[in-house]
Amino acid sequence: VQLQASGGGLVQAGGSLRLSCGASGIIFTSYYIAWFRQGPGKEREFLAAIRTPRGQAYYSGSVPGRFAISRDNAKNTVYLQTNSLKPEDTAVYYCAAARIRPTLTMTPTRPDEYELWGQGTQVTVSS
């Protein structure tokens, strides 16, 4: 069972990145897949989650309209499109998976609700 995050890098302010989260060893459509980020000296922050098979997306109230989550079930991959990046978006971005289960009556947003984590991908935005 593995989540693999990729797509981070160094980008100038105003630029874009598409982060990818590949999943293996799980029934992809049985999970919420989410993106979190953790900036220097900050707590891990929920950004967005998506649920299959219909691809319903949920965003944190703090997430700017510049971010969009999507998934490709055929590729077992979830994406986070980030646009108009700002220096304050600099962080390690993590993807995580939470199995859809009866105790989850709402979209999970806390890190402890997610049982699988990718290794993180660094996003650095220069001014």
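Here is a quick tour of the salt bridges and one of the sheets in this structure. Keep in mind that you are looking at a predicted model. It holds six salt bridges, and four of the residues involved, Arg37, Glu45, Arg66 and Asp89, are joined up in a network. There is also an open sheet of four strands with antiparallel pairing.

**The network around arginine 37**

- Side chains with opposite charges can pair up once their charged atoms get close.
- Arginine 37 meets glutamate 45 in a salt bridge, side chain to side chain, with 2.9 Å from N to O.
- The side chain of arginine 37 also meets that of aspartate 89, and here the N to O distance is 3.0 Å.
- That second pair links distant parts of the chain: arginine 37 sits in strand 4 (residues 31-38), while aspartate 89 is in the loop between strand 8 (77-82) and strand 9 (91-99), 52 residues apart.
- Are these two residues buried or exposed? Arginine 37 and aspartate 89 are both buried.
- For arginine 37, the relative accessible area is 10%, and buried means under 20%, so this residue falls in that class.
- Glutamate 45 has a relative accessible area of 25%, so it counts as partly exposed.
- Arg66 belongs to the salt-bridge network too, along with Arg37, Glu45 and Asp89.

**A salt bridge within a loop**

- Another of the salt bridges brings together the side chains of arginine 101 and glutamate 115, at 3.5 Å from N to O.
- Both arginine 101 and glutamate 115 lie in the loop between strand 9 and strand 10 (116-117), so their pairing ties together parts that are 14 residues apart in sequence.
- Glutamate 115 is partly exposed, with a relative accessibility of 40%.

**The four-stranded sheet**

- In what order do the four strands of the open sheet come? The order is 1-3-8-7, and the pairing is antiparallel.
- Strand 1 (2-6) and strand 7 (67-72) are at the edges; each has a single partner strand, so one side of each has no neighbour in the sheet.
- From one strand to the next, the twist averages 15°.
- In general, the strands of a sheet pair through backbone hydrogen bonds, in either a parallel or an antiparallel way.
- Strand 7 and strand 8 run antiparallel and are joined by six bridges.
- If you want a spot to look at, try serine 70: its bridge partner is tyrosine 79, in strand 8.

How values were computed:
Residues numbered from 1 in each chain as written. Predicted model: local features only at pLDDT ≥ 70, side-chain atom pairs only at ≥ 80, totals over all residues. Heavy atoms only, no water. Buried < 20%, exposed > 50% of the residue type's maximum accessible area, 1.4 Å probe, protein only. Helix = DSSP H or I, 4+ residues; strand = E, 2+ residues; numbered from the N terminus. Pairing = 2+ DSSP bridges. Axes fitted to C-alpha atoms, helices over the stretch in contact; angles between N-to-C directions.
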